[in-house]
Amino acid sequence: MAFIPIFMKAYYSLTFLGLFYFISLGLLTFPVIQNNAIYMQKLKLTWRQDLTQPEQFGFAKNQVTPFYLNTSDGESIFAWHVLPLGAYMEHREELAEQETGLVPEPTKTKNLQLLMKDPEARLIIHFHGNAGTVGAGVRPIYLRSLSAAHPSKIHILAIDYRGFGLSSGTSSEDGLIKDGVAAVRFAVDKLGIPSTHIALVGQSLGTGVTIGVAEALAKQSPPEELAAVITIAGFSNLQELLQTYRIGGYIPILSPLRGYPKLQAYFVKYIIEPWNTTARIGSLVKHSPNLNLILIHAKNDFEIPWHHCDTLFVHAANAAVLMGGGEPLTIAQALEERVVKTYGDESTLALWPKGKSNGRKISQWLVKWGGHNKVVTSAGTAVIVAKALGL
């Protein structure tokens, strides 16, 4: 009899959790709530810091230039240009004499002039994940880490999408891709950086932006191709993501309904924006004859499982095979045909064979450290990015 109260407490607790779970899913069917839950753009995480004063995020004085760039549909997107530390050291005194804070004409700053006048400079355009801003959490750390393999040549342009941080507008799939295209246009048209000196690097949600931007550029006539298109902790599409994603690595969204496919399908049909990266990656391969696609994922990523990276790799490989007139491969066949090289406890590299790539370069790095976010800060990731930029 003593166990009855314990069982009753457990019963009521489970009932409450179940009720809370289904109420939460029901709320997610409303467009406004779903938009805020997916992008989490209102969760700035930098309320006590000033994004226009990047020194508050661990950067040297005037190492970072905060400014706005404009999109094709009239939004103002907040951005940071991060000067590589080696170049900063060489010009520190002159840079430190500049006024700090938001810059109305960034191309006139010493920082951007150093990028524009260096024919050997490379530029990473970085797209972050959902929630927060360019300065949230570990993001300033990995903005510094990404240039570590060549600290005099690798500049970084990072943006906050529309609706995020200090940027104007409302977040949407189409809007975020337009923001990314605007960043490329600023780099190429305003700064005069050759597209072959630019790499797009996206993490988490930013991988969808990265592939979307690269596809949009490749579908132009003539196609505009970049030095590399790099995804870190990518996902196949939003439907599959919600069935596997765990918030913070712990809280599932749709995976508890795996045993109830009809119920799971009911909630899936309410997804408004598909973020179908698998379809876009196939289109990107088709329209980008000199594509250098690099997919990076940590095997200990408990938020977005690494098998999403396998899915993206297989779709890219199949698109290349079809371009050459071959027959589509199953996932097992494609994974079997990869050329694999191991780097000990650091990572494993898988390359799609040159004979079947139809001129494209498709590679996958599965790393053993870093989880969902810190993987961007690893030395191995910095080396991969630098080599992709031809350094």
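User: Taking a nonpolar core to be a set of buried Ala, Val, Leu, Ile, Met, Phe, Trp, Tyr and Cys residues joined through side-chain atoms within 4.5 Å, how many residues does the largest nonpolar core have?
Analyst: The structure is a predicted model, and its largest nonpolar core includes I125, V213, W275, L293 and W352 as the residues with the most contacts inside it. Apart from this core lies another one of 34 residues, among them L51, A228, I232 and V367. The largest core itself has a residue count of 73.

User: Which residue of helix α12 forms an aromatic pair with W352?
Analyst: W352 lies in the loop between β11 and β12, and with a relative accessible area of 4% it is buried. Leaving aside residues up to four places away in sequence, W352 touches F313, A317, A320, V321, L329, A334, E337, R338, S357 and I362. The aromatic partner is 39 residues from W352 along the chain, and the two rings meet edge-to-face, 6.2 Å centre to centre with 75° between the planes. At 0% relative accessibility this partner counts as buried, and the residue of α12 in question is F313.

User: How many residues of α12 are buried, given that the helix is largely enclosed by the rest of the structure?
Analyst: Helix α12 covers residues 307-323 and reaches 25 Å from its first C-alpha to its last, close to the 24 Å expected at 1.5 Å a residue. The helix is followed by G325, whose phi is positive, near 85°. Because so much of α12 is covered, it is largely enclosed by the rest of the structure, and of its 17 residues the number buried is 13.

User: Is the aromatic pair of Y343 and W365 stacked, edge-to-face or tilted?
Analyst: Y343 sits in strand β10 and W365 in strand β12, 22 residues apart, and the pair links distant parts of the chain. Y343 counts as partly exposed at 33% relative accessibility, whereas W365 is buried, with a relative accessible area of 12%. The ring centres are 5.3 Å apart and the planes stand at 40°; planes under 30 degrees apart count as stacked and those over 60 as edge-to-face, so the pair of Y343 and W365 is tilted.

User: Which residue of β5 is the bridge partner of H126?
Analyst: Strand β5 covers residues 198-203, and six of its six residues are buried. Both of its faces are covered, with I198, L200 and G202 on one side and A199, V201 and Q203 on the other. Strand β3 pairs with β5 in the parallel sense over five bridges, and in β5 the residue bridged to H126 is V201.

User: Is the β-α-β crossover from β5 to β6 right-handed or left-handed?
Analyst: Five bridges join β5 to β6, and these strands run parallel, with V201 standing opposite I230 in β6. The chain passes from β5 through helix α8, residues 205-218, before it arrives at β6, and this β-α-β crossover is right-handed.

User: Where in the structure does P222 lie, the residue that follows S221 across a peptide bond with omega near -5°?
Analyst: The peptide bond from S221 to P222, with its omega near -5°, is cis. P222 belongs to neither of the flanking elements, and its place is the loop between α8 and β6.

User: Is A233, whose phi is about 65°, buried or exposed?
Analyst: A233 has a positive phi of about 65° although it is not a glycine, and it is found in the loop between β6 and α9. L45, in the loop between α2 and β1, likewise has a positive phi, near 65°, but L45 is partly exposed, with a relative accessible area of 44%. The cut-off for buried is under 20% relative accessible area, so A233, at 1% relative accessibility, counts as buried.

User: How far is the C-alpha atom of R139 from that of A265?
Analyst: R139 lies in helix α6 and is buried, with a relative accessible area of 10%. Setting aside its neighbours within four places in sequence, R139 is in contact with H128, G129, N130, A131, G132, T133 and V134. R139 and A265 are 126 residues apart along the chain, and the separation of their C-alpha atoms is 35 Å.

Conventions: Residues numbered from 1 in each chain as written. Predicted model: local features only at pLDDT ≥ 70, side-chain atom pairs only at ≥ 80, totals over all residues. Heavy atoms only, no water. Helix = DSSP H or I, 4+ residues; strand = E, 2+ residues; numbered from the N terminus. Expected span 1.5 Å × (residues − 1). Buried < 20%, exposed > 50% of the residue type's maximum accessible area, 1.4 Å probe, protein only. Contact = heavy atoms within 4.5 Å. Pairing = 2+ DSSP bridges. Right-handed = clockwise from strand over helix to strand, strands pointing away. Phe/Tyr/Trp six-rings, centres within 6.5 Å; stacked < 30°, edge-to-face > 60°.
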